[in-house]
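Hi,

Here is the structure I promised to pass on. Have a look at it first, and my notes follow underneath.

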Amino acid sequence: MCNRVDHSKAAYATVAILIIIVACVLQPQYLITSEIDVKAFGAIGDGITDDSSALKKAWDVACGSTGQFKIPTGSFLVGPMKFSGPCKAKTVVVNVVGNVKAQPRTAFPKNTDTWISFEYIENLVVNGPGSFNGQGDTNWWPFCDRTKNCEANPTSLGFHSCKGLKLIGVTSINSPGSHLAINACNGATIKNININAPKKSPNTDGIDISSSVGLNIYGGNIATGDDCIAINGGCSNINITNLSCGPGHGISVGSLGRNGAKEAVSNVRVAGINFIGAKNGVRIKTVPGGSGSARQITFSNIRMKGVTNPIILSQFYCPHVDPKDCKDIAPAVQVSGISFIDIKGTSSSSDAINIDCSAIRGSCAGITLEQINLQPVKSSIKVVATCQNAKVQVIGPVFPPVVCTTASSIMMPLDHDYDERKQAIAAT
Ligand SMILES: *[C@@H]1O[C@H](CO)[C@@H](O)[C@H](O)[C@H]1NC(C)=O
Ligand SMILES: *[C@@H]1O[C@H](CO)[C@@H](O)[C@H](O)[C@H]1NC(C)=O
């Protein structure tokens, strides 16, 4: 802009150059869009003062003008809040340098579903290296019991109805419930995410994805008490690569079909993942009596280190029901085009591979296991594969060897289908 001058008319050009020079000199102060710093709106950042209203004011200004929002160094204590769009700027950038800390549980209205939610914002970019601490450890988890309260703990960061979201180098610590929820988003990139909560923290899923299309999640570490990543109904074209997961309950598609729901997930590629000390590795779970489908799902180039149940495909996921009451009732969510390729490492239990399909005709088809080598983590364990009601295509060496049987002729290791309730009990 500054050096594109029309030289055809000398006099005009001279004036034009002068105007442009003046504009260029003034630009940094007056013309370039400036970043809205929450401190300029009264946020203190001492970790004690409630900065909610300062952040809200700063957001309203940023959203209505420059679209540049900054949380500087410091510890900003905030209660539940919503950053809502649509915003004026084409791209909205939130730079999180400091830490954002959740107010105590008592400051949360009953049934708050999300601590901080971003909604209806197009092209939102949230940059780290700052962190969000949900204070689940002191404020929420001790209040979980075997009833359902525990499941309703708020998600730390919710992204709803977004388009072109980018989340880069952000850290989430000790969320009350799930760390991140991505819902109704179209096109999102999550890069170098860092998620941290203890192994025993209840229902602290890392990333929950629902009703979203075109997600690319790559790089980072997820260590938490529940699923590292859960891909729920209404999702397609999801790529997850180059991540480490553990502790945690693995990367899972589903559960699909809860309470008779019709749900579909398709085109999921999970590749280049290290599972370290996780409870599950890669998993697909559907609930009897639900409908819909799980199609074209590939897990490849996966390394397992001391994982309890490295590979699970279960059409008998019955949360809140005793495993022996989890029956093969129609209809079933249709599972097809599922590949497990190049999965190697160690299992800490004997159930290295568990393919547990419904006997309902056509509900489980096109399962491939290729180049699998899962050894026991110690010699006193003998690893096995269990498989029922499936025709599995085995390519290349697969260990432990997979032999499929018809319904109920073997006892399926169903206890992992029970983890929500077990977790709630463990937390008491
Ligand atoms: C996921 O990977 C596939 C294959 O590499 C690619 O075609 C697709 O566009 C990717 N999707 C996203 C959302 O990045
Ligand atoms: C994989 O992710 C890590 C961060 O967890 C990053 O340092 C590394 O560069 C990534 N590798 C590739 C090939 O993207």
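Start with Asn237: one of its polar side-chain atoms sits 3.0 Å from a nitrogen atom of ligand 1. Keep in mind throughout that this is a predicted model. Asn239 also reaches the ligand, with an N or O atom of its side chain 2.3 Å from an oxygen atom of ligand 1. Then there is Asn216, where an N or O atom of the side chain is 3.3 Å from a ligand oxygen. As for cover, ligand 1 on its own has 360 Å² of accessible area, and the protein covers 47% of that.

If you want to pull up the whole shell around ligand 1, select Gly214, Leu215, Asn216, Asn237, Asn239 and Arg269. By character, that shell splits into 4 polar residues, 1 nonpolar and 1 charged. Two strands, S17 (213-223) and S19 (235-245), each contribute at least two residues to the shell. The largest share comes from S17, with 3 residues.

Away from the ligand, I also went through the aromatic rings. How many aromatic pairs does a search of the whole structure find? The count is 8. Among them is Phe108 with Trp140, an edge-to-face pair with 5.1 Å from centre to centre and 85° between the planes. What I like here is where the two partners come from. Phe108 is in the loop between strand S7 (99-102) and strand S8 (114-119), while Trp140 is in the loop between helix H3 (136-139) and strand S11 (155-160), so to speak a link between distant parts of the chain, 32 residues apart. Phe108 and Trp140 are both buried.

There is a ring cluster to look at too: Trp59, Phe69, Phe83, Phe118 and Phe159 are linked into it by ring pairs. One more ring has a charged neighbour, since Arg105 lies over the face of Phe143, 3.9 Å from the ring centre.

Last item: Gln388, which belongs to strand S28 (residues 384-388). Is Gln388 buried or exposed? With a relative accessible area of 6%, Gln388 falls under the 20% cut-off, so Gln388 counts as buried. The Gln388 side chain has a polar partner as well, making a contact of 2.5 Å with the side chain of Asp356.

That is everything on my list. Shout if you would like to go through any of it together.

Cheers

Notes
Residues numbered from 1 in each chain as written. Chains lettered and ligands numbered in written order. Predicted model: local features only at pLDDT ≥ 70, side-chain atom pairs only at ≥ 80, totals over all residues. Heavy atoms only, no water. Near = heavy atom within 4 Å. Polar contact = N/O pair within 3.5 Å; in protein donor to acceptor, adjacent residues only side chain to side chain. Areas by Shrake-Rupley, 256 points an atom, 1.4 Å probe, with all protein chains shown as cover. Helix = DSSP H or I, 4+ residues; strand = E, 2+ residues; numbered from the N terminus. Nonpolar A, V, L, I, M, F, W, Y, C, P; charged D, E, K, R; others polar. Buried < 20%, exposed > 50% of the residue type's maximum accessible area, 1.4 Å probe, protein only. Phe/Tyr/Trp six-rings, centres within 6.5 Å; stacked < 30°, edge-to-face > 60°. Lys NZ or Arg CZ within 6 Å of the ring centre and 35° of its normal.
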